[in-house]
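Subject: Structure handover

Hello,

Here is the structure I promised to pass on. My notes follow below it.

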Amino acid sequence: MTDSITLYGHPVSPYVRKVLIAFAFKGMKPDVIIPVSPFIADDGFKKISPLKRIPVLQIGDFILPDSTAICEYIDEAYSGEKCYPGDVTLRAKARWFEEYADDHIARNAVFGLFFEKIIKPALLKQETNMDTVNTTLTEKLPDIMSYLELQLQNADYLLGEKPFMADFAVASFFVNAGFAGWLPDAALWPKTTAYLKRISANPHYASVTEFGTKALKCRRAELEELIQAYISPDK
């Protein structure tokens, strides 16, 4: 009997979304999803995630934190559609775009908007820092969108004519910005707006994003039911 695959992390997280998309590439889902939130995780969680971040993958005694490490492990460990390009140059570029998403886009789309407007008032009972929100909206996100616009001048996706994990990582953080009410301006960034729409139509991405969107609106008891429905082999 093989060890079950357990994923720790809340489905609303863009980092968890990345990992679920990697599993979807392989036609798989975790056997268990434990919806840990890093904002309220207890010190016991540090035993498997020293930085108290999500997601964490556990398969038997094998424990792996960090979304990118997990996605690369899934891509190499399981057969199926590849999450990362085989060409060495494209793979290096994929690593860059994924790092750009995980660090810079996350710092602004997630922590500058989603965290400030959704997590702080609803979960932490703290006031939103509107200076941070306004700077994100007027400076940070426009800079990000302009950079992406330049990268998409000659292709539908960041690495060419096929989407890879780099694309899904980038798009995942904008989902959380959308939860906070932000939408891209097609007049200012037509290629990036069209790019995000193309990714949204990808079946792997769409099903995982729908799951996360439903999870955002769930109470705890409803979330457990939603997770069980998602990981059901009949779904």
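A pocket here is an open set of grid points with protein on both sides within 12 Å along at least five of seven lines, and its lining residues have an atom within 4 Å of a point. Please keep in mind that this is a predicted model.

Pockets

I start with the second largest pocket. Its lining consists of Ala171, Phe174, Val175, Gly178, Trp182, Leu183, Pro184, Thr193, Leu196, Lys197, Ser200 and Tyr205. The volume is about 220 Å³. By class, the lining has eight nonpolar, three polar and one charged residue. Helix H5 and helix H6 (190-201) each give at least two residues to this lining.

The largest pocket holds about 1,200 Å³ of space. It is lined by 44 residues. Nearest its centre lie Ser13, Ser37, Pro38, Phe39 and Ile54. Two or more lining residues come from each of helix H1 (14-25), helix H2 (67-77), H3, helix H7 (203-216) and helix H8 (220-231). Which helix gives the most to this lining? H3 does, with twelve residues. The whole lining splits into 27 nonpolar, seven polar and ten charged residues.

Helix packing

H3 also packs against H5. H3 covers residues 88-124 and H5 covers residues 165-179. Their axes are 8 Å apart, at an angle of about 5 degrees. Angles under 35 degrees count as roughly parallel, so H3 is roughly parallel to H5. On the H3 side, the contact residues are Ala94, Phe97, Glu98, Ala101, Asp102, Ile105, Ala106, Ala109, Val110, Leu113, Phe114 and Ile118. On the H5 side, they are Met165, Ala166, Ala169, Val170, Phe173, Phe174, Asn176, Ala177 and Phe179. The contact has 18 nonpolar residues, one polar and two charged. Phe174 of H5 is in this contact, and Phe174 also lines the second largest pocket.

Backbone

Most residues other than glycine have a negative phi, and most peptide bonds are trans. Two spots are worth a look on that score. Ile54 and Pro55 are joined by a cis peptide bond, with omega at about 5 degrees. Ile54 is also among the residues nearest the centre of the largest pocket. Pro55 sits in the loop between strand E2 (32-34) and strand E3 (56-59). Lys52 lies in the loop between E2 and E3 too. Lys52 is not a glycine, yet its phi is positive, about 55 degrees.

Annotated domains

The UniProt entry is unreviewed. It places "domain: GST N-terminal" at residues 3-82. That span is 29% helix and 19% strand, and its end C-alpha atoms are 23 Å apart. UniProt places "domain: GST C-terminal" at residues 87-221. Residues 87-221 are 76% helix and 0% strand, with end C-alpha atoms 45 Å apart.

Best regards

Definitions and conventions
Residues are numbered from 1 along each chain as its sequence is written. This is a predicted model: local features need pLDDT of at least 70, side-chain atom pairs count only at pLDDT 80 or more; totals for chains, interfaces and linings use all residues. Side-chain values use heavy atoms; hydrogens and water are left out. Axes are lines fitted to C-alpha atoms, for helices over the stretch in contact, and angles run from 0 to 180 degrees between N-to-C directions. Helices (H or I, at least four residues) and strands (E, at least two) are DSSP runs, numbered from the N terminus. Angles under 35 degrees count as roughly parallel, over 145 as roughly antiparallel, 65 to 115 as roughly perpendicular and the rest as oblique. Contact means heavy atoms within 4.5 Å. Ala, Val, Leu, Ile, Met, Phe, Trp, Tyr, Cys and Pro count as nonpolar, Asp, Glu, Lys and Arg as charged, and the others, Gly among them, as polar. On a 1 Å grid over the protein atoms alone, a cavity is a set of points where a 1.4 Å probe fits but cannot get out, and a pocket is an open set with protein on both sides within 12 Å along at least five of seven lines; lining residues have an atom within 4 Å of a point. Grid points are joined across faces, edges and corners, and a volume is the space filled by probe spheres set on the points. UniProt positions are given in the numbering used here, feature names are shortened, and annotations may be inferred rather than shown by experiment.
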